[in-house]
Amino acid sequence: MSNPETSGLLPEQKRQLLAKLLQKKSAKQRNPLSFAQKRLWFLEQLQPELSVYNLPTALRLTGKLNISSLKLSLQAIINRHEILRTSFPVVDGEPIQRVVVSLSLTLPVVDLQELPQKTQAAQVIQQATVLAMYPFDLAEIPLLRAVLLQLGDEEYVLLFVMHHIIADYWSLRVLVRELVLVYQGQILPKLPIQYVDFANWQQKWLQSEARTTQLEYWQQQLQDYPRELSLPTDFPRPNVQSFRGTREYFTLPMELSSHLKQLGQQQGATLFMTLLAGFNVLLYRYSGQEDILVGSTVTSRDRIEIANLIGLFVNNLVFRTYLSGNLSFLELLKQVYDTSVTALANQQLPFEDLVEQLQPERNLSQNPLFQVMFVLHNTPNQSTQIPGLIIEPLETEHTTTRFDLSLDMYETPSGLKGMFEYSTDLFAATTIKRLVEHFQMLLSEIVKNPQQGISELAWLTNAEQELFRDWNDTAREIPNLCLHELFSQQAQKTPNKIAVQFENQSLTYQELSERINQLACHLLEWGIAAETRVGILCDRSLEMVVALLAVVKAGGIYIPLDPAYPQERINYIIADAQVSVLLTQSRLQDLLADYSGKVICLDNLNLDFGKNANPTTKVMIDQSAYIIYTSGSTGKPKGVQILHKSLTNFLISMAQTPGLTTQDKLLAVTTISFDIAALEIFLPLIVGATVVLVPREVILDGNQLAAVIEQQQITVMQATPATWRLLFASGWNGKVDLRVLCGGEALDYNLAQQLLATNREVWNLYGPTETTIWSAAKKLEVNQPVTIGRPIHNTQFYVLDNYLQPVAVGVPGELYIGGAGVAQGYWGKPDLTTERFISRQQVGGRRQEVGGRRQEAGDRRQEAGDILFPPLLPSSLQNRRSRSVFSEW
């Protein structure tokens, strides 16, 4: 393996110094290991049964093969290179290189001629895999194996495996080249030095001033380096690397390959630098990380004496790239150029020495310093033809990898070819196939517009863009009606059905409608006008339900207040919302001692407008229905202003999915100060179902709550995971005909499975207050992951990066929610509204715009569908940074 960057880097004076130091040592001495060998030896001691450092190669031989001559040729190569006769025993507690004078290597011949062609092909793969996977004992020779498979009279496959401690990939080329020459009868000149001489020279070099200078460079270059590259993985990282892996191959179009070379040449950069910069863009877009370390290899074969030696001469270099500030690709390429030049000028320092000096935190789950590798091969394997025989490289299956991810690029006459090798402990094959597509998309965009910011380069495939459109195709017709109108329609259909129950009291739809109308008339008489803010401070009761619907029917905005709240919070909300009127109960008046506005005690009212009372006020769907205050966990509570049309959209969607019918009885257990209570109270009342209210003390007692579920024959209940755990802790065993709705907190897998095992259905609901209660719903299945499902009607999900660019499938980003449910904003906080609610115009930029009409985020009367809100995700989603999965969340 070679690289145009690795040749001709030593000044002449350093070459002369190297020549003096590189003097042949006797193989009989106790020879030290090179630094690279020491690291491999150490890793083998930790996990001796692994084969990840076995180097396999396969050759297809076509023609008249002289097997005896092949065996003699292979033996001649072993005689020529001491490293092929070397083992690594421990002497006095330290590993040494022990070279034997002679070693006879057997070459088994496996006859596969009688097998059908398909079976032969399978046997070749199996034999190559078995040979490559079998571990070596470093203390014993040989550390080389070979097998010859005979497929026909003139068709063979020669398999080699060497341990990496005695060879690198360039050594495989040396071995094959010399094997061909010897097979043809050529006599090779005696080697001037052997690998042990290189190891001895390296030990002396480590005492030189050059080593000190280079170490200082690397310590400065890697100061405060990131400890890992956080690529999104499909599977959790194991505690110990298994090194299981496989490969994904691809080919770049010839035109793209040419343009990449031209782009680099125009900027004075090599192809290696151009591709490394492009690879960094890919890693940045996948990880969101702006400080990235990528490893690469260089060969220490800069002297003619070691150019044709078999041995471990590679060294790892670390290329650090900073990608903050939305650099253009040309700016990034300039940075990579500068970094590469200085790194290559300091390439002699053994990577193992650097690791030893930096002392990164060691663990068996990942490699130190870097977990991603990039290599450019500019001397591809080619066929060799000699009289009577054609020798071709043969690709076999690979089942190991040393890194999380590595990219190998190959310059070929037909263009650039690539190969991603990846850990199957971390990544699924489908993920790497997508990664290949994204890499090709990015490279294509780079050559089209290298001055484009790297965060703005288009990288979504056509299939992904179509998938995203389908995912967000949630448009549905929603009636141009407000909440109270939906209820009135239902009351006319089922006037005599029980609408709401509380303890021993109940109201039919007709009775509830009459009370709502009468209270609404009173409110209008008392001066309630369009969007007047009305506080509701009530214990759970029939009066509470009447008050909620009467306020919206009169055109007001209700602000729910929980009597259990601390006095300070109640006072704050009343003052912040500038409440004009407060509806309460006489027993709660003491909580309003500091309130100077109008107070109406619902239990003292004489509603005397008659059964046919019906206010004529026209409430528009663009008016606000309620202002609900968030918990204030990050500061003072904020009032979220929700429009009637958003509430209607939510209720109509929920009526269909998860769905509710006239036969259902829904147990309402949530305080009205938590927005999800709107589902429990309003959804049953627009479909003809029954709402069953219970007092607060029942809700807090698992035994009492379980008893109500059974006695009232409840069919639907919505609650947070905490409430479901409370029920199970009381000994509740579920209910076979109960549909469970769960939200408000992250639903963990174990609780989901417990609910699924004991109830009819389990739905996971997700959504922030700012997008009207729930924005997504998912019916869970046994033994399946807990996800948040798909967007509800007229709702869109976007996963965006820090620059508001759509991320690709499987890539982390922040979830933004758009559509009919997006709130009008935060009451009385225009600056915070502008900060947190963004317009679609800001998303995707010119090349990947999400869509929607372009209006300013601060316009109070703009269409809600043109605004996106980035919610704070529940902890279970924050842990995976809201991955853009777009099948099920």
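**Group meeting: two cis prolines and an overall look**

Okay, let's start at P142, which sits in the loop that runs between α4 (117-133) and β7 (144-152). Before I say what is special there, a quick caution: this is a predicted model. So, what joins I141 and P142? A cis peptide bond, with omega at about 0°.

There's another cis bond to look at further along the chain. T657 and P658 are also joined by a cis peptide bond, and here omega comes out at about 10°. As for where that puts us, P658 belongs to helix α19, which covers residues 644-659.

While we're on backbone geometry, let's do a couple of phi values. N326 isn't a glycine, but its phi is positive, near 50°. You'll find N326 in the loop between β11 (314-322) and α11 (329-345). Buried or exposed, then, for N326? Buried: the relative accessible area is 17%, and the cut-off for buried is under 20%.

Now E503. Again we have a residue that is not a glycine, with a positive phi of about 50°. This one is in the loop that links β17 (498-502) to β18 (505-508). E503 has a relative accessibility of 49%, so it counts as partly exposed; the exposed class is for values over 50%.

Right, let's zoom out to the whole chain. In secondary structure, we've got 26 helices and 36 strands. And how spread out is the chain? The radius of gyration is 36 Å, whereas the globule rule gives 29 Å for 889 residues; the chain is well over that, so it's more spread out than a compact globule. If you want a box for it, the C-alpha atoms fill roughly 120 × 55 × 55 Å along the principal axes.

What about burial? Out of the 889 residues, 59% count as buried. The chain exposes about 36,800 Å² of surface, with 49% of that supplied by carbon and sulfur atoms.

On contacts, take the ones between residues at least 6 apart in sequence: 73% of them join residues at least 24 apart.

Last one, for those of you who like electrostatics. The chain has 75 positive and 88 negative charges. How far apart are their mean positions? The answer is 4 Å.

That's my tour. If you're opening the model now, I'd point you back to the two cis bonds, I141 to P142 and T657 to P658, and then to the positive phi values at N326 and E503. Happy to take questions.

Conventions
Residues numbered from 1 in each chain as written. Predicted model: local features only at pLDDT ≥ 70, side-chain atom pairs only at ≥ 80, totals over all residues. Heavy atoms only, no water. Helix = DSSP H or I, 4+ residues; strand = E, 2+ residues; numbered from the N terminus. Rg over C-alpha atoms; globule rule 2.2 N^0.38 Å. Buried < 20%, exposed > 50% of the residue type's maximum accessible area, 1.4 Å probe, protein only. Contact = heavy atoms within 4.5 Å. Areas by Shrake-Rupley, 256 points an atom, 1.4 Å probe, with all protein chains shown as cover. Lys, Arg positive; Asp, Glu negative; His and termini not counted. Charge placed at Lys NZ, Arg CZ, Asp CG, Glu CD.
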